[in-house]
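Please open the model in a viewer and keep the selection panel at hand. The stops below proceed from the whole assembly to single peptide bonds.

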There are 2 protein chains.
Amino acid sequence: MPTPADAARLAGAAAGPRALRPLLDTVLAALAEGAAARCGPLPAGGPDAVTRRLTELIGPTLPTHGTGPHDALRTLVTALAEGAADPADPHCAAHLHAPPLAVAVAADLAAAALNPSMDSWDQAPAASALEHRLARDLARLVHPRGPAPDALVTTGGTESNLIAALLARENLPPHLTLICGANAHHSVHRAAWLLGLPAPTVLPTPRGLLDPAAVHHALTTPRPPHRPHAPPALVVATAGTTDSGAIDPLRPIADIVAAHRAHRPTALHVDAAYGGPLLLSPTHRAKLTGLDRADTVTLDLHKLGWQPVAAGLLTTPDRAALTPLAQRADYLNAEDDTEAGLPDLLGRSLRTTRRPDILKIAATLRALGTSGLAALVDRTCRAAADLAGLVAAEPRLTLHAPPTISTVLFRPAGATDQHVAAVRRRLLTEGRAVLGRARAHGPDGRPALWLKATLLNPFAQPNDLAALVKLVLDQDPEHADDRPPHRRSPQDTRP
Amino acid sequence: MPTPADAARLAGAAAGPRALRPLLDTVLAALAEGAAARCGPLPAGGPDAVTRRLTELIGPTLPTHGTGPHDALRTLVTALAEGAADPADPHCAAHLHAPPLAVAVAADLAAAALNPSMDSWDQAPAASALEHRLARDLARLVHPRGPAPDALVTTGGTESNLIAALLARENLPPHLTLICGANAHHSVHRAAWLLGLPAPTVLPTPRGLLDPAAVHHALTTPRPPHRPHAPPALVVATAGTTDSGAIDPLRPIADIVAAHRAHRPTALHVDAAYGGPLLLSPTHRAKLTGLDRADTVTLDLHKLGWQPVAAGLLTTPDRAALTPLAQRADYLNAEDDTEAGLPDLLGRSLRTTRRPDILKIAATLRALGTSGLAALVDRTCRAAADLAGLVAAEPRLTLHAPPTISTVLFRPAGATDQHVAAVRRRLLTEGRAVLGRARAHGPDGRPALWLKATLLNPFAQPNDLAALVKLVLDQDPEHADDRPPHRRSPQDTRP
């Protein structure tokens, strides 16, 4: 069976758009068909059922003979859409998993079709110029008083936190220690492990927040007897924790780091992967006071920026801090080429080949403006406040705290942790809702497991939120298992 | 000025395809318009001119008020396409920078619209099941006799090489040393630096290939006096070097590593980022004999697999080797969730949030089959052989060697290194061709600078290759600077 000839057409050059158009029609139809077949925030049945269904739909994944691009796209995209947890459904609210904007997705298509690679100018002439400009503009938002703000584009918060720790390891004297709260993201620990650094010093955060007094104490801990100087430290604070969206007290922490710098080489990194875009909003901006004083800041525009994955950034007030990333590879940035004026891009990432994620960010900012993006931030925070209000008004539920950003922790009043975990899994398995989980102090002051709704859909309506609350209430431990599972009807799908 | 309401529509759920369709029309029109305005492999004028033109076309990158999605996409995509180095143009042949297949680009649109994130099952039910299956199928191609072949999906060769070194650091006893050839990719050095390992032991490769005898010698070097045992070693070989596409003698190297394992903990990693897909081709497969014996293999399907960036893999014959990547984050893979049957995905990457790059790979394989992809590999290698033939037949040019994969090194006969570098830059600046550069032994046995054509366009025609040769010949050192620069006319653009 010969492979259909149209399977091998290219996306680029003058003929590319003509080759793409019919294929995109097939993809859009398959997306619609898959969403209709799913008819809810995620497929019902749990992992085994989803895997069985996928196998049934697609058959072998590595065939010898091809079936052409239309069959391939129709089959795989329908199967993926039918089996997706779609963040555009207001009941898909477990994680920092944003529903992407159509304009960003459309721009990302152009990135894939042109396929520039950001490791050398001669693979990405205009794309690298665009990144150069917008990265600096975005960094200036975070560090308006920095001497030379700049930003690296990363695969997300995990890579940004890794690079922040790497820069501290290279820019400070040897024997770096990381100091973070128990509320910090797991990637901080992973970064230390990867980089061959000791495990971070973890400060307890019983109220979910890093305590400036604890940071002060950690920085004044006497130096080890066999070391002539106090070892350098990187303090990592969080602006928007994964568990509750809490924002560490950035200004007091920045003050303490500044005060200790006289006797101990100390840097401050803020993981603002989630909270960073509050900067755009006049309503919420003040929650980030002190952020501009960090040496490095992690920002993920695939969270409160509604980009498809990935759209990570690491900003710095002074691009001189990025010097340790510089490297030379004759085939990409030979010295005589750099002298002759070809920009040297290799020191702008840990990756070599790199997709121009800046394009979708630029298109979104141009389409919406910073004010339009701020309006989406405000809407999202308002939806979370609305949900918290519904929970607080419902005596059968306990609200953890009013949301700082858009995360709402709540639990059935008087439930056990096992019940909370089971409610979440049951809603998942029945395909009704994707809720998260978080451990935080309970009503009695002891740690407890909470249901977590991370709202990232700016268009979630009050009736969506009320329905979400009702879904949880219906999972009452005493009756939940008795009722036969049922799904929403197809008429009930939301835009 | 209010932001246009349609700027904020989402790509997902039932309404997503309707929101996307008009935006995709705008993107396709802009891609066509930009390619027509460029009318060549890259824009003329060099970095300053490209940056000036971009600024002229797009204005400010961080506006307060938005202009809506159509203006944003039209403006930015046209500017990016006009300023692209388009790998679909046969004269864009500097790097391992592939022209992507339309089917892969179309599939990638669905990945962006659905936006699954591969760090937990409840963000990617079907996408994670698809990755699970296809990753194992692809690993079985590389390691047909492995006990439990598996593959991680990475951002590319650089990350794959990093993870290979990390796994060796974690799976072997302490004090790992990397041993590689001077022909190895710079990311091997970078991995050692990142991971806090000593700089690799670099074996000279005067003929561009790692010498098995040198590997043997390096592995038998007496242990340091203060160490009770010989430190563990990771030998890194390359199947498809960046400079010349050379393939290290894999079988003899695997034999030597196996022989040394008795007295020294030793692992073998093969960086087959470029050469790996030769496995699909009955014609070229034998060049990779021995590859299956590596402990880890780097493979980039955004090179000889025609995927848009990124489509990296790291394969292993035994998934038990991946255990060091396991980690626990209560919000993503709580123990009771894993016990209840929710797949634990967090140990499958160094990233957390992660795009489903497997979808475009799956769509390509289904559309073309392995035989169809092999046909593209064969065509590409044949184009390189044709180019080498043209060069060899031309007395004014010197061919370095017949190509192993699809890289052809050549230089004007008797030219100086400065002239070679200047020819490359002049073709770039004039917007006529994107050629690479590589240092390799010259006709007199001494190192020299060569022009490098890395052919990755399976549809490059003999007349394209002849025109490329002519472009280089026309840059004769004696007249090149006298002729006024001229561009190809618009009629002359290629499909």
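**The two copies**

Begin with both chains displayed: in this predicted model, a turn of 180° with a shift of 0.0 Å along the axis lays chain A on chain B with an RMSD of 0.0 Å. That is the relation of a two-fold axis. The same surface serves both copies, since 100% of the contact residues of chain A recur in chain B.

**The interface between the chains**

Next, select the residues of each chain that touch the other. The selection should hold 160 residues of chain A, in contact with 161 residues of chain B. The size of an interface is often given as the accessible area lost when the parts come together. Between chain A and chain B, that buried area is about 13,600 Å², and carbon and sulfur atoms give 64% of it. Now highlight Leu114(A), Tyr331(A) and Arg366(A): within chain A these lose the most area to chain B, although together they account for 6% of what that side buries.

Turn then to the polar side of the interface. How many salt bridges lie across the interface of chain A and chain B? The rule finds 20. To view an example, select Asp337(A) and Arg424(B), whose side chains meet in a salt bridge with an N to O distance of 2.3 Å. Residue pairs in polar contact between chain A and chain B, both at pLDDT 80 or more, number 76. For the element to colour next, choose helix 12 of chain A, residues 358–392: it supplies 13 residues, the largest share of the side that touches chain B. Colouring that side of chain A by class gives 95 nonpolar, 38 polar and 27 charged residues.

**Domains within chain A**

Hide chain B and colour chain A by domain: domain 1 covers 26–84, domain 2 covers 117–354 and domain 3 covers 369–479. Keep domain 2 and domain 3 of chain A in view, where the C-alpha centres are 30 Å apart. At their boundary, 22 residues of domain 2 of chain A are in contact with 20 residues of domain 3 of chain A. These two domains of chain A bury about 1,800 Å² between them, 64% of it on carbon and sulfur atoms. The side of domain 2 of chain A that touches domain 3 has nine nonpolar, nine polar and four charged residues. A search for salt bridges between domain 2 and domain 3 of chain A returns zero, whereas seven residue pairs there are in polar contact, both at pLDDT 80 or more.

**A salt bridge within chain A**

Over all chains, the whole structure contains 68 salt bridges. For one within chain A, select Arg145(A) and Asp292(A), whose closest N and O atoms are 2.4 Å apart. This pair links distant parts of the chain, 147 residues apart: Arg145(A) is in the loop between helix 5 (125–142) and strand 2 (150–154), and Asp292(A) is in the loop between strand 6 (266–271) and strand 7 (296–300) of chain A.

**Backbone exceptions**

Most residues other than glycine have a negative phi, and most peptide bonds are trans. Select Val309(A) and Ala310(A), which are joined by a cis peptide bond with omega about 0°. Ala310(A) sits in the loop between strand 7 and strand 8 (312–316) of chain A. In chain B, the peptide bond from Val309(B) to Ala310(B) is cis, with omega near 5°.

Where does Cys39(A) lie? Its place is the loop between helix 1 (16–38) and helix 2 (46–58) of chain A. Cys39(A) is not a glycine, yet its phi is positive, at about 45°.

How values were computed:
Residues numbered from 1 in each chain as written. Chains lettered and ligands numbered in written order. Predicted model: local features only at pLDDT ≥ 70, side-chain atom pairs only at ≥ 80, totals over all residues. Heavy atoms only, no water. Domains from an automatic or database assignment. Contact = heavy atoms within 4.5 Å. Buried area = accessible area lost by both parts, 1.4 Å probe. Salt bridge = Lys/Arg side-chain N within 4 Å of Asp/Glu carboxyl O. Polar contact = N/O pair within 3.5 Å; in protein donor to acceptor, adjacent residues only side chain to side chain. Nonpolar A, V, L, I, M, F, W, Y, C, P; charged D, E, K, R; others polar. Least-squares fit on C-alpha atoms with pLDDT ≥ 70 in both. Helix = DSSP H or I, 4+ residues; strand = E, 2+ residues; numbered from the N terminus.
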